[in-house]
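Visitor: I would like a close look at a single part of this model, and then at what lies around that part. Please say what each term means as you go.

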Amino acid sequence: MESGAKKWGFQRTQGLEAASTTTVRGYLNLLMGNINQDSCLTVVPLGHGDPSHFPSFRTTPAAEDAIVDALRSAKHNCYATTVGILPARRALADYLNRDLPYKLSPDDVYLTNGCTQGIEVVISILSRPGANILLPRPGFPLYEAWCAYNHLEMRHYDLLPEKGWEVDLDAVETLADENTVAMVIINPGNPCGNVFSYEHLNKIAETARKLGILVIADEAYDNLAFGSTPYVPMRVFGLTVPILTMGSISKRWVVPGWRLGWLVTSDPDGILQKSGVIDSITGFLNISSDPATFIQAAIPQILENTKEDFFSKIISTLRECADICYNRIEEIPSLTCPKKPEGSMFVMVKLNLSMLEDINDDVDFCLKLAKEESVIILPGYVRVTRE
């Protein structure tokens, strides 16, 4: 051995590298590495859900002022409590209580480092030997990464493009068994740009209740709906089935770098408390990091002072961008968009490989698009998990 050292007792973590490369960040790094550095073309980054990169999207001055006020007060330079500071949780409970048939309390709200940590929390606390979870296909690959890392079996149900990307509920019932712990839904949809109707969400809740599983509602793009289908939060159905909702200020306020999110339990019947899930959430947060305290402290002011016209402008811009994107896609013979996007910041597009020269698959297409045109889009391969 070098320097006369004995055999070293450490080595890399098995499975971590494979899990990390299947994330959006992993694929973006791959694609960015394929950019032609000698090209004079400006890189067009369309492969991520970070609107702050574009001048059309900027957060409201009310949010910026709230951050400055909280920071300059010198009252929030301390560690926060495990679940988040009470004023922020109280303000979020009030914010999320709109139109609910029951009321959330601050004790139902846990602050997280964006929705990313929320995913880490829920997958980690639900993982146990032999358990499985139902994930959407197409979906957000970070779920697969955390499931793989935690050795939680993944079973994928399809979203049906011919039905506006609705959940294949028959498949959900077929896939579930006595070891299924939960199903994940993403609404508004990432990456399909769909918005589930009230009626469909109700069917999802009834199906989950029948199967005895909870619903994990990923609502990172909450209220970013600009089509004919109104946005309805899954927590409306908390009286039917226990629901864990993840949300954040990242997308609606256009500040993903602020890393302020929440995990909310919607469970008036107390099923999550009786099963120990609540204690597990708190226990996990006890050993993990918190959002910056001054950003937590800014939340009440952000929620109270943001005017409706700010949200209206964001929605209008998203609608305009979606229209342009969809119409341009429709003009390209080799591309097909199953449904015009109605929400979030993504659209799912199908390639007709028979009409493309020297293209093997979607990954090859994206790599060559990055190299030749400096345009970054994500391959469907990262969205449609391999079995």
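Guide: The answer starts with the sheet and moves outward to its loops and to the pockets.

The model is predicted, so local features are given where pLDDT is at least 70 and side-chain atom pairs where it is 80 or more, while totals for chains, interfaces and linings use all residues. Residues are numbered from 1 along each chain as its sequence is written, and side-chain values use heavy atoms, with hydrogens and water left out.

The sheet is open and has 8 strands, in the order β2-β9-β8-β7-β6-β3-β4-β5, with mixed pairing. Strands here are DSSP runs of E of at least two residues, helices are runs of H or I of at least four, and both are numbered from the N terminus. Two strands count as paired if DSSP finds at least two bridges between them. At the edges stand β2 (109–112) and β5 (166–167), each of which pairs on one side only.

Inside the sheet, β6 (residues 180–186) runs parallel to β7 (residues 214–218), and 5 bridges join them. Two positions show how these strands meet: A182 has L214 of β7 as its bridge partner, and M183 stands opposite V215 in β7. A helix, α5, packs on the sheet and touches β2, β3 (132–137), β6, β7, β8 (243–248) and β9 (261–266). A touch, or contact, means heavy atoms within 4.5 Å. The direction of α5 makes about 155° with that of β8; such angles run from 0 to 180 degrees between N-to-C directions, along lines fitted to C-alpha atoms, for helices over the stretch in contact.

How well covered is β7? It is mostly covered, with 5 of its 5 residues buried. Buried means under 20% relative accessible area, exposed means over 50%, and partly exposed lies in between, with a 1.4 Å probe and protein chains only. L214, I216 and D218 point one way from β7, whereas V215 and A217 point the other way, and all are buried.

Strand β8 contains S248. Because its relative accessibility is 2%, S248 counts as buried. Leaving aside residues up to four places away in sequence, S248 touches G114, C115, D222, L260, G261 and W262. The C-alpha atom of S248 is 30 Å from that of A171, which is 77 residues away along the chain.

The loops hold some local features. P138, in the loop between β3 and α6, is joined to R137 by a cis peptide bond with omega of about 0°. P188 lies in the loop between β6 and α8 (198–211), and the peptide bond from N187 to P188 is also cis, with omega near -10°. In the loop between β7 and β8 lies N223, a residue other than glycine with a positive phi near 70°. N223 counts as partly exposed because its relative accessibility is 27%.

Next come the pockets. Rolling a probe the size of a water molecule over the atoms shows where empty space is left. A pocket is an open set of points, on a 1 Å grid over the protein atoms alone, where a 1.4 Å probe fits, with protein on both sides within 12 Å along at least five of seven lines; lining residues have an atom within 4 Å of a point. A volume is the space filled by probe spheres set on the points, which are joined across faces, edges and corners.

The second largest pocket has a volume of about 960 Å³. Its lining has 38 residues, with R25, T116, F140, L142 and R259 closest to the centre. Two or more lining residues come from each of α1 (16–21), α2 (24–32), α5 (114–126) and α6 (142–150). The helix that packs on the sheet, α5, gives the largest share of this lining, 6 residues. By class, 18 lining residues are nonpolar, 13 polar and 7 charged; Ala, Val, Leu, Ile, Met, Phe, Trp, Tyr, Cys and Pro count as nonpolar, Asp, Glu, Lys and Arg as charged, and the others, Gly among them, as polar.

The largest pocket has a volume of about 1400 Å³. Of the 43 residues that line it, L46, C325, V347, V349 and I377 lie nearest its centre. Helix α12 gives the most to this lining, with 7 residues, and the lining divides into 32 nonpolar, 6 polar and 5 charged residues.
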